[in-house]
Amino acid sequence: MSKDKSGRHIKTGLVASGRPHDGTSYPVSQPVERASTILYPTYDSFMKKNKDYVYGRFGTRSHRALTESLCELEKGDYTHLTPSGLSAITTCLLALAKTGDHILITDSCYDPVRSIGDRFLNRYGIEVEYYDPRAGGDIAALLKPETKAILCESPGSLTFEVQDIPAITAAARSRNVPVVVDNTWSAGYFFNPLEAGATVSIQSITKYIAGHADCLMGSMTTNDKAISTRLERTTRQLGLNVSADDAFLAHRGVRSLSSRLKVHEANALELANWLALQPDVTQILHPARPDHPDHALWKRDFSGASGLFGFVLAPCPEKQLARFFDSLSYFGMGYSWGGFESLIIPCPVAEYRSATPWDYEGTLIRVHAGLEDITDLVNDLETGFQAMRNE
Ligand SMILES: Cc1ncc(COP(=O)(O)O)c(C=O)c1O
């Protein structure tokens, strides 16, 4: 498991970072500091350039504590917060591209990103092209003089292709094109895009970092000062704001991230291995299993796996599917993932693809393995399969 920039284990860094450090005695966690107006005691302090805290929208000590920990996690120098993971992606692309530019987006992207590409960026004259997530270094052939960003999501959170980020960043570097990686699946803990040459690593903090399904937030982390300035400026221009209360909640999640992820990882692998033995299941999509087509890439670049994976159920009538889902007790049906609870949903991925067809038959089901006891989770799925098979 990797070390942070100061040489300590990331696990230690997540506990020790972002602590209050401007008093002689202080609580172990940064208390919630809510503010819009921030007052200065003197004319000189008001006129000073580069003040630490200027206005609530630009962040208070609560936000600063969280961004320090996120820099630790993603091994970056600068982190900027946004109100959701989706707004982090939109803000980043808006910061990098302007009218007349071209952006490459992986075909495996989380589906609302496609709406940003097709119904938002296009309206402002930014050309969006979707590429094969397995393009690797061949992405070089798609780069144009106007290309201003490559967006990756690895593994794709619906179809779980692992992207060859080092090969993509090598191809992009020679043409000076920033690579942006949605790193939410690894929670920043199991993979480090910046070390692999990416320019920006994005998190939906909503998922594992906040970890309790009660807070929405996104982050953009980089080591590049000029890019950081653009990200910060665009965030401010759009008037984006994260509440101090949410920053506090997300920061509390950081402290236990490493331990929670270990349970998500173990439960997901056990569930995937059990599902692989079921006659109704035709395919497991879990990068940590040797039968995954990108297993070797995952093993090379990742130090572990989180709790999100997929499986393909053989074609069956919809009423059978309904019986499966309706008989589950511990797996809830709902969007998002990364919280403490197990989730399961059908994903109609074929309709989201444009560059590479989705060629499995049957229903893709996405599972998020929560922190429940694994025996209860397996028994729950067993109940679902029995209900499905009974006429
Ligand atoms: C991979 C990935 N990135 C980004 C997002 C967006 O995050 P948020 O819900 O915080 O906007 C999601 C949400 O499901 C996601 O799965």
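These notebook entries record what I looked up in the structure.

**Ground rules**

I am working with a predicted model, in which local features need pLDDT of at least 70 and side-chain atom pairs count only at pLDDT 80 or more, while totals for chains, interfaces and linings use all residues. Residues are numbered from 1 along each chain as its sequence is written, and side-chain values use heavy atoms, with hydrogens and water left out.

**Entry 1: the ligand and its surroundings**

I began with the ligand and found that 13 residues surround it, where a residue is near a molecule if one of its heavy atoms lies within 4 Å of it. The closest of them are Gly85, Leu86, Asp182, Thr206 and Lys207. I then sorted this shell by residue type and obtained 4 nonpolar, 6 polar and 3 charged residues. In that sorting Ala, Val, Leu, Ile, Met, Phe, Trp, Tyr, Cys and Pro count as nonpolar, Asp, Glu, Lys and Arg as charged, and the others, Gly among them, as polar.

Which side chains offer a polar atom to an oxygen atom of the ligand? I noted Ser204, with a polar side-chain atom 2.9 Å from a ligand oxygen, and Trp337, with a polar side-chain atom 3.0 Å from a ligand oxygen. On the nitrogen side, an N or O atom in the side chain of Asp182 is 2.6 Å from a nitrogen atom of the ligand. Taken alone the ligand exposes 390 Å², and the protein buries 91% of that; these areas come from the Shrake-Rupley method with a 1.4 Å probe, and for residues only the protein chains shown count as cover.

I also asked where the ligand sits, and the place is the second largest pocket. A pocket here is found on a 1 Å grid over the protein atoms alone, as an open set of points with protein on both sides within 12 Å along at least five of seven lines. A molecule sits in it if more than half of its atoms lie within 2 Å of its grid points.

**Entry 2: backbone details in the loops**

I next looked at the loop between strand S4 (147-153) and helix H6 (165-173), where Pro155 is placed; helices (H or I, at least four residues) and strands (E, at least two) are DSSP runs, numbered from the N terminus. A cis peptide bond joins Ser154 and Pro155, with omega about -10°. Phe160 belongs to the loop between S4 and H6 as well, and it has a positive phi of about 65° although it is not a glycine.

Is Phe160 buried or exposed? I recorded it as buried, because its relative accessibility is 0%, and buried means under 20% relative accessible area, exposed over 50%, and partly exposed in between (1.4 Å probe, protein chains only).

Asn50 is another residue with a positive phi, about 50°, although it is not a glycine. Its place is the loop between helix H2 (43-47) and helix H3 (61-74), and at 75% relative accessibility Asn50 counts as exposed.

**Entry 3: distances along the chain and in space**

I picked Val242, in the loop between helix H7 (225-237) and helix H8 (244-275), which is buried with a relative accessible area of 7%. The C-alpha atoms of Val242 and Gly56 are separated by 9.3 Å, although the two residues are 186 apart along the chain.

Tyr124, in the loop between H5 and strand S3 (127-131), gave another pair: Tyr124 and Gly307 are 183 residues apart in sequence and 37 Å apart in space, C-alpha to C-alpha. Tyr124 is partly exposed, with a relative accessible area of 43%. Its side chain makes a polar contact with the side chain of Arg123 at 3.5 Å, a polar contact being a pair of N or O atoms within 3.5 Å; within protein, one must be able to donate a hydrogen and the other to accept it, and residues adjacent in sequence count only if both atoms are side-chain atoms.

Key. On a 1 Å grid over the protein atoms alone, a cavity is a set of points where a 1.4 Å probe fits but cannot get out, and a pocket is an open set with protein on both sides within 12 Å along at least five of seven lines; lining residues have an atom within 4 Å of a point.
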